[in-house]
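Biologist: Please choose one part of this model and describe it closely, then show how it sits among its surroundings. I would like to follow it residue by residue.

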Amino acid sequence: MFNRTTLLIVAIAVAVGLGLITAQRVFAPATADTTRTEAVRLFPQPRAIPAFQLQQSDGTPLVPGELKGHWTLVFIGFTHCPDICPTTLAQLSQAQKAWEALPEATRPRVLFVSVDPDRDSADRVGEYAHAFHRDTLAATGDIPALQAFTRSLSLVFMKMPPDDPERPGIYSVDHSAAIAVLDPEGNMAGVLQPPLDAALIASDLMTLSRQQ
């Protein structure tokens, strides 16, 4: 049975989804009218995201300027995730392999952000993400920074209470399965919703990258 916390996560996710739909109807047409995509749902108008600062796996800060110049897919999760995270990163790695031949200067990127800083150091997140594809960017941060960053991308996460109170370190983190799509200006330009199709994702991102 769902507990109250799980029902709250579901309610937040539904609200976020409705917000994205509303945003598509309210903003004036722009990006969506000029590019046809199959997997990526582009917003009619990209939206700026507030300033943020996380820590990358190589020890450098992840700030807005780091995400400019490329189309970037942002996926949140945690390294102890039993299913959604490894499955999603494996699918994204297939897309990454498909666009490896593109010039590095415009090649799309994948950013994995851990929302479990209590267990995931930046180094650990990097090792985990790079096991799927060497080019994947990886980062994490403290809870306030992560909440601000994910909220700006209409993504949510919540640490769940441990099943066994005597083992507080054994817990899960509920999080969005959607993937935020950032344009080369670092704005949120769209979203990828599961189920994912690696071939369509690769095709869409290669098309968008060639047009930038």
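Modeller: What follows is a close look at strand E4, and then at the parts around it and further away. This is a predicted model, in which local features need pLDDT of at least 70 and side-chain atom pairs count only at pLDDT 80 or more, while totals for chains, interfaces and linings use all residues. Residues are numbered from 1 along each chain as its sequence is written, and side-chain values use heavy atoms, with hydrogens and water left out.

The protein has 6 helices and 10 strands (DSSP runs numbered from the N terminus: helices are H or I with at least four residues, strands are E with at least two). Of its 212 residues, 47% count as buried (under 20% relative accessible area; exposed is over 50%, partly exposed in between; 1.4 Å probe, protein chains only).

Strand E4 covers residues 72-77. It belongs to an open sheet of 8 strands with mixed pairing, in the order E1-E10-E9-E4-E5-E6-E2-E3 (two strands pair if DSSP finds at least two bridges between them). At the edges of this sheet stand E1 (41-47) and E3 (61-62); each has a single partner strand, so one side of each lacks a neighbour in the sheet.

E4 has E9 on one side and E5 on the other in that order. Strands of a sheet pair through backbone hydrogen bonds, and the pairing is either parallel or antiparallel. With E9 (residues 179-182), E4 pairs in the antiparallel sense over 3 bridges. With E5, E4 runs parallel, and 6 bridges join the two.

How many of the residues of E4 are buried? The count is 6 of the 6, so the strand is largely enclosed by the rest of the structure. Both of its faces are covered: Thr72, Val74 and Ile76 are buried on one side, and Leu73, Phe75 and Gly77 are buried on the other.

Leucine 73 shows how this strand is held among its neighbours in the model. Its bridge partner in E9 is valine 181, and in E5 leucine 73 stands opposite valine 110. Apart from neighbours within four places in sequence, leucine 73 is in contact with Leu92, Trp99, Arg109, Val110, Leu111, Ile179, Ala180, Val181, Leu192, Ile201 and Leu205 (contact means heavy atoms within 4.5 Å).

Leu73 is also a member of the largest nonpolar core (a set of buried Ala, Val, Leu, Ile, Met, Phe, Trp, Tyr and Cys residues joined through side-chain atoms within 4.5 Å). This core has 54 residues, and Leu73, Trp99, Leu111 and Leu153 touch the most other members. Helix H6 (residues 198-211) gives the most to the core, with 5 residues.

Phe75, another residue of E4, is linked by ring pairs with Phe112, Tyr128 and Phe132 into a cluster. The whole structure holds 4 aromatic pairs (rings of Phe, Tyr and Trp, with its six-membered ring, whose centres lie within 6.5 Å; planes under 30 degrees apart are stacked, over 60 edge-to-face, the rest tilted). Tyrosine 128 and phenylalanine 132 form an edge-to-face pair, 5.4 Å centre to centre and 70° between the planes. Tyrosine 128 is buried at a relative accessible area of 16%, whereas phenylalanine 132 is partly exposed at 23%.

Helices lie across the sheet too. Helix H3 (residues 84-98) lies across E4, E5 (109-114) and E9, and runs at about 165° to E4 (axes are lines fitted to C-alpha atoms, for helices over the stretch in contact; angles run from 0 to 180 degrees between N-to-C directions). Helix H4 (residues 122-130) lies across E2 (54-56), E5 and E6 (137-140), at about 150° to E6.

Further along the sheet, glutamine 56 is in strand E2. Glutamine 56 is buried, with a relative accessible area of 7%. Beyond its neighbours within four places in sequence, its contacts are Pro61, Leu62, Glu66, Ala122, Leu137, Ala138 and Ala139.

Some loop residues complete the picture. Methionine 160, in the loop between E7 (157-159) and E8 (173-175), is buried at 9% relative accessible area. Its C-alpha atom is 5.5 Å from that of serine 172, although the two are 12 residues apart along the chain. Serine 154 lies in the loop between H5 (143-152) and E7; its phi is near 60°, a positive value in a residue other than glycine. Proline 195, in the loop between E10 (188-192) and H6, is joined to proline 194 by a cis peptide bond with omega about 5°.
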